[in-house]
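Please open the model in your viewer and keep the sequence panel beside it. The tour below goes from the whole chain to a single side chain, one selection at a time.

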Amino acid sequence: MTDGSLFPQQSAPAPAEALNAAQPAPARAELLAWMAGLLRAEYGERPLIPRRVPMHELISTILSQRTTHADEEAAYQELCLLGDWDEIIAAPVDAVAHAIRRSNYPESKAPRIQATLSAIKAERGGYDLDFLAELPVADALKWLTNLPGVGVKTASLVLLFNFARPVFPVDTHVHRVTTRVGAIPRMGEQAAHRALLALLPPDAPHLYELHVNLLRHGQKVCHWTAPKCPVCILRDKCDAHAIYGNRVPSFGK
């Protein structure tokens, strides 16, 4: 006779009103603080030290879209072989696309990079972005997002990483993990920047560490498809796990 205990039934999904995403903002802010503590214990403290100069960060972030870090860096290094920023602007767009071919969608990124560089030169007379450190955060975000091909994620990343401004970049990993856990309801990445920042303290080192550790968790555990729920440190308070158990579907579903 089969022992039924070998085949435990999955508990009923949590009712919608009990999910984190349905809770008021203060409760979801506490949830994010809890997540930050567990992620720090798992992945360590991440001091806010600029990893690259601002123009490198800006152009590399454009290159990074839908691209691995290794391919992004390879594309940037080959792009720089074309010369300085003025020479990259003047280069044939096909030459720029070829230089960044390790990045996905080089044919669309090449003209965007040239247009972004041209806009910076026209506006500032050069490529020094240090003035962004002194602008009000909203004005700095607006200046960057007015550049061709620069969205709020890229702008937020440059401001946080290079100038320690209290903004919160939301990439695909940050968006996926925070949505699954229920810190925010399901929404697009653009809206998620505002929604998450409203729940977080205006503390740049904290925002940086949380961003980096959420990204790491998304890469290692909370994958787009077949997330590793049995080993997830966030599963005890995760909306997706409460609904689906260890069979959380792909994020797009």
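Which pattern does the chain follow when read along the sequence? With the whole chain drawn as a cartoon, you can trace α-α-α-α-α-α-α-α-α-α-α-α from beginning to end, and the secondary structure comes to 12 helices and zero strands. Please bear in mind throughout that this is a predicted model.

While the whole chain is still selected, turn it along its principal axes, where the C-alpha trace spans about 75 × 40 × 30 Å. Of the 253 residues in the chain, 44% are buried, and among the contacts with a separation of 6 or more, 65% are made by residues 24 or more positions apart.

Next, colour the two domains separately, selecting residues 18-47 together with 168-244 for domain 1, and residues 54-163 for domain 2. The C-alpha centres of domain 1 and domain 2 lie 27 Å apart, and the contact between them draws 11 residues from domain 1 and six residues from domain 2.

Now move to the place where the domains meet, where about 740 Å² of area is buried, with carbon and sulfur atoms giving 78% of that area. On the side of domain 1, show Pro-169, His-193 and Tyr-208 as sticks, since these residues lose the most area to domain 2 and together make up 52% of what that side buries. If you look for charged or polar pairings across this boundary, the count is zero salt bridges, and it is likewise zero for residue pairs in polar contact, where both residues must be at pLDDT 80 or more.

Staying on the side of domain 1 that touches domain 2, select helix H10 (189-197) and helix H11 (204-220), the elements that give two or more residues to it. The largest share, five residues, comes from H11, and by class this side has seven nonpolar, three polar and one charged residues.

For the last stop, select helix H8 (residues 152-163) and find Asn-162 within it. Is Asn-162 buried or exposed? Its relative accessible area is 12%, and because the cut-off for a buried residue is under 20%, Asn-162 counts as buried. Follow the side chain of Asn-162 to the backbone oxygen of Arg-52, which it reaches at 2.6 Å. Then display the residues that Asn-162 touches, leaving aside those up to four places away in sequence: Pro-50, Arg-52, Val-53, Pro-54, Glu-57 and Leu-157.

How values were computed: Residues numbered from 1 in each chain as written. Predicted model: local features only at pLDDT ≥ 70, side-chain atom pairs only at ≥ 80, totals over all residues. Heavy atoms only, no water. Domains from an automatic or database assignment. Contact = heavy atoms within 4.5 Å. Buried area = accessible area lost by both parts, 1.4 Å probe. Salt bridge = Lys/Arg side-chain N within 4 Å of Asp/Glu carboxyl O. Polar contact = N/O pair within 3.5 Å; in protein donor to acceptor, adjacent residues only side chain to side chain. Helix = DSSP H or I, 4+ residues; strand = E, 2+ residues; numbered from the N terminus. Nonpolar A, V, L, I, M, F, W, Y, C, P; charged D, E, K, R; others polar. Buried < 20%, exposed > 50% of the residue type's maximum accessible area, 1.4 Å probe, protein only.
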